[in-house]
Amino acid sequence: MEQEFKSGFVSVVGRPNVGKSTLINRILGQKVTIVSDKAQTTRNKILCIHTDADSQIVFLDTPGIHKPKHKLGRFMDEAAYGSLKDIDAVLFLVAADEKRGPGDMFILHKIKDIHAPVFLVINKIDKLDKEKLLKIMADYSSLCDFAAIIPVSALKGENVSAVMGELKKILPPGPKYFPDDMITDRPERLLVAEIVREKLLQLTREEVPHALAVYTEEMAKRENNKVYIRVTVYVERDSQKRIVIGKNGSVLKEIGRLARTEIERLLGSSVFLDIWVKVKTDWRNKASVLSEFGYKDE
Ligand SMILES: Nc1nc2c(ncn2[C@@H]2O[C@H](COP(=O)(O)OP(=O)(O)OP(=O)(O)O)[C@@H](O)[C@H]2O)c(=O)[nH]1
């Protein structure tokens, strides 16, 4: 009998510098640095999506779980705590070479009452010997009833598969929320479209009105760690299309070159950027539909 597909949302929490990004990159098996929203939001943000034959795990960053520095921070923090309610598991990361501090205790306090299983991931075990590690494990297990304690070295890739193994054990049966090859979420798609739009306006100057729409239609992981991105530029008239494409495609080529460089910096991986220009007089209608999903072009 075929195994039931499992899926779920996993929140990754921990003090700064414990190695969250390194672990996420290791799990994905490639370098995908997800855009960090500089403005602190109260909602969960997708760090990465890991899909294989029988499961899909969406790893989330939960802003504000760390110790608030001011009043507004406290408010944000409460909202973030609320957003932890719907998740399926928590990965609480600590660094083996750092003493347990108030920051860790603060997080522990926050996650204690969560109904989902909490896994303690002790990272950077390459930095210390086994005896010290056992002490850390004993210390933490006296504080909280963890579903499991998993020592790893995210940097070296040691035991990272155990994290996946533990998560798969507790994942509920569920749908594939995102397409197989999707590695990022909407905000990145929006940023990519914005970058293309910006270069386009820069190079065509006043010749093409601002009434154009740019959508990221596809963003997918391909061989050689390349990210394939297909963007469509909708213009309203043939004459505008000709301007955007330029003589022998020269303008579009330059737009692509400039945008690609910037997108590669954004994603931290090399990118194949495919830009299509289409004339669509009713793109405004499409825009209103898409905006419901957050695919706004401004
Ligand atoms: N020795 C060792 N170093 C590690 C390991 N994992 C991460 N590091 C290092 O620790 C530092 C912080 O790692 P990040 O992955 O950026 O940490 P982070 O938790 O995402 O940090 P913030 O973005 O500040 O929250 C980097 O210099 C990593 O190379 C590990 O397993 N062993």
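Here are some short exercises on the structure above, which is a predicted model.

**Exercise 1. Find out where the predictor is confident and where it isn't.**

Start with the whole chain: the mean pLDDT is 79, and 74% of the residues score at least 70. Now go element by element. Helix 2 (residues 71–83) has the lowest mean, 45, while strand 6 (residues 148–151) has the highest, 97. Next, look for weak stretches. Over residues 30–43 the pLDDT is below 50, and this stretch has 33 contacts in the model beyond near neighbours in sequence. Residues 67–82 also stay under 50, with 19 contacts beyond four places in sequence. Finish with the scores for the model: ipTM is 0.96 and pTM is 0.62.

**Exercise 2. Check whether the length of helix 4 fits its number of residues.**

Helix 4 covers residues 130–141, so you've got 12 residues to work with. Count one less than the number of residues and multiply by 1.5 Å. That gives an expected span of 16 Å, and the end C-alpha atoms are 16 Å apart, so the two agree. How many residues of helix 4 are buried? Just one of the 12, so by the count of buried residues this helix is hardly covered.

**Exercise 3. Describe the shell around the ligand.**

First, pick out the nearest residues: of the 15 around the ligand, these are P16, G19, S21, T22 and L155. Then sort the shell by class, and you get four nonpolar, seven polar and four charged residues. Last, ask which element gives the largest share. It's helix 1 (residues 20–28), with three residues.

**Exercise 4. Explore the largest nonpolar core.**

This core has 37 residues, and V10, L91, F92, L93, F119 and V121 have the most contacts inside it. Several elements give two or more residues, including strand 1 (6–14), strand 4 (89–95) and helix 5 (160–170). Strand 4 gives the most, six residues. Zoom in on L93: leaving aside neighbours within four places in sequence, its contacts include V12, V18, L23 and V121.

**Exercise 5. Work out whether V277 is buried or exposed.**

Begin with its place: V277 lies in strand 9 (residues 271–279). Now count neighbours. V277 has 20 C-beta neighbours inside 10 Å, so it counts as buried; the cut-off is 20 or more. Which residues does V277 touch beyond four places in sequence? They are V233, V235, K241, V244, I245 and L252. For a sense of the fold, V277 and T232 are 45 residues apart in sequence, yet their C-alpha atoms are 5.8 Å apart.

Note on methods
Residues numbered from 1 in each chain as written. Predicted model: local features only at pLDDT ≥ 70, side-chain atom pairs only at ≥ 80, totals over all residues. Helix = DSSP H or I, 4+ residues; strand = E, 2+ residues; numbered from the N terminus. pLDDT = per-residue confidence, 0-100. Contact = placed C-beta atoms within 7 Å. Near = placed C-beta within 6 Å. Nonpolar A, V, L, I, M, F, W, Y, C, P; charged D, E, K, R; others polar. Core = buried A, V, L, I, M, F, W, Y, C linked by C-beta atoms within 7 Å.
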